Amino acid sequence: MNTVKVYLDTSVISYFDQKDTPEKMKETQDVWELFQKGRYEIYISDVAVYEINKCSVEKQEILLDYLDQIEYNIIETDENTVSLAEKFIDFGVLKRESYYDCRHIAAAVLTGCDMIVSWNFKHIVNVKTIQGVKAVTTYGGYKDLMIYPPSALLEEEE
């Protein structure tokens with residue numbers, strides 16, 4: 001069986017140390033254990049690195065330490081990523097203010113990821129975005145991208 005390719009947007013990484021939302025923080029830590037076991041092939045992009053670098057130095061160090069605990073592939077975004085991100089905006093999937101969210105989604109699509117996981121329910125994990133991404137990717141001939149919160153990766157214990 002092929003390993004599922006999972007793209008992490010910045011929210012997943014940042015919720016690893018989000019003390020004001022302990023439930024999401026705990027679920028993120030539980031999912032991280034699956035990542036450490038190699039259950040998924042993990043991808044992040046230079047967009048996530050850019051967003052992490054905008055955090056305070058203290059938070060940057062914490063988040064980068066967590067990333068060091070797992071194996072992941074880094075995606076260098078390019079003009080194709082920008083072009084697809086612009087299509088999501090042009091088609092009304094998301095607004096211009098959510099440009100970096102569009103770049104996350106585009107990076108996942110162009111890399112052929114099976115899914116993107118995010119705690120961003122306002123812009124990414126919601127029906128409007130999921131339907132819009134499906135429409136744009138189907139029209140463009142891209143592989144279907146599933147969009148879930150990280151907790152969807154947790155499995156029932158046997």
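Asn120 sits in the loop that links β4 (115-117) to α7 in this predicted model. Although a loop residue, Asn120 comes out at 15% relative accessibility, and since the cut-off for buried is under 20%, Asn120 counts as buried. Setting aside residues up to four places away in sequence, the neighbours that Asn120 touches are Asp9, Ser11, Asp101 and Val125. With one of these, Asp101, the contact is polar and runs from side chain to side chain, at 3.4 Å. The Asn120 side chain also reaches a backbone atom, the nitrogen of Lys122, at 3.3 Å. Leu154 lies 34 residues from Asn120 along the chain, and the C-alpha atoms of the two are 18 Å apart.

Now to helix α2, which covers residues 22-36. Do its dimensions add up, and what should its 15 residues span at 1.5 Å a residue? The expected figure is 21 Å, and the end C-alpha atoms are indeed 21 Å apart, so the two values agree. Six names make up the buried set of α2: Met25, Thr28, Val31, Trp32, Leu34 and Phe35. These residues take up an arc of only 165° around the axis, and therefore fall on the same side of α2. The pattern fits the usual helical geometry: with 3.6 residues a turn, residues three or four places apart point the same way. Pro22 and Glu23, both exposed, are carried on the face of α2 turned away from the buried side. As for what lies over the buried residues of α2, the cover includes β1 (4-8), α1 (10-14), β2 (40-45) and α4 (57-67). Just past the end of α2 comes Gly38, with a positive phi of about 75°.

That leaves the nonpolar cores. The largest has 24 residues, and those touching the most other members are Tyr7, Phe88, Ile105, Ile116 and Leu145. Three helices, α5 (79-90), α6 (99-110) and α7 (127-140), each put at least two residues into this core. Of the contributions, that of α6 is the largest share, at seven residues. Phe88 gives a good view of the packing: beyond its neighbours within four places in sequence, Phe88 is in contact with Val93, Leu94, Cys102, Ile105, Ala106, Val133 and Val136. A further core lies apart from the largest one; this other core has 21 residues, including Leu63, Tyr66, Leu67 and Met115.

Methods
Residues are numbered from 1 along each chain as its sequence is written. This is a predicted model: local features need pLDDT of at least 70, side-chain atom pairs count only at pLDDT 80 or more; totals for chains, interfaces and linings use all residues. Side-chain values use heavy atoms; hydrogens and water are left out. A nonpolar core is a set of buried Ala, Val, Leu, Ile, Met, Phe, Trp, Tyr and Cys residues joined through side-chain atoms within 4.5 Å. Buried means under 20% relative accessible area, exposed over 50%, partly exposed in between (1.4 Å probe, protein chains only). Helices (H or I, at least four residues) and strands (E, at least two) are DSSP runs, numbered from the N terminus. Contact means heavy atoms within 4.5 Å. The expected span of a helix is 1.5 Å times one less than its number of residues. The arc is that of the directions from the helix axis to the C-beta atoms. A polar contact is a pair of N or O atoms within 3.5 Å; within protein, one must be able to donate a hydrogen and the other to accept it, and residues adjacent in sequence count only if both atoms are side-chain atoms.
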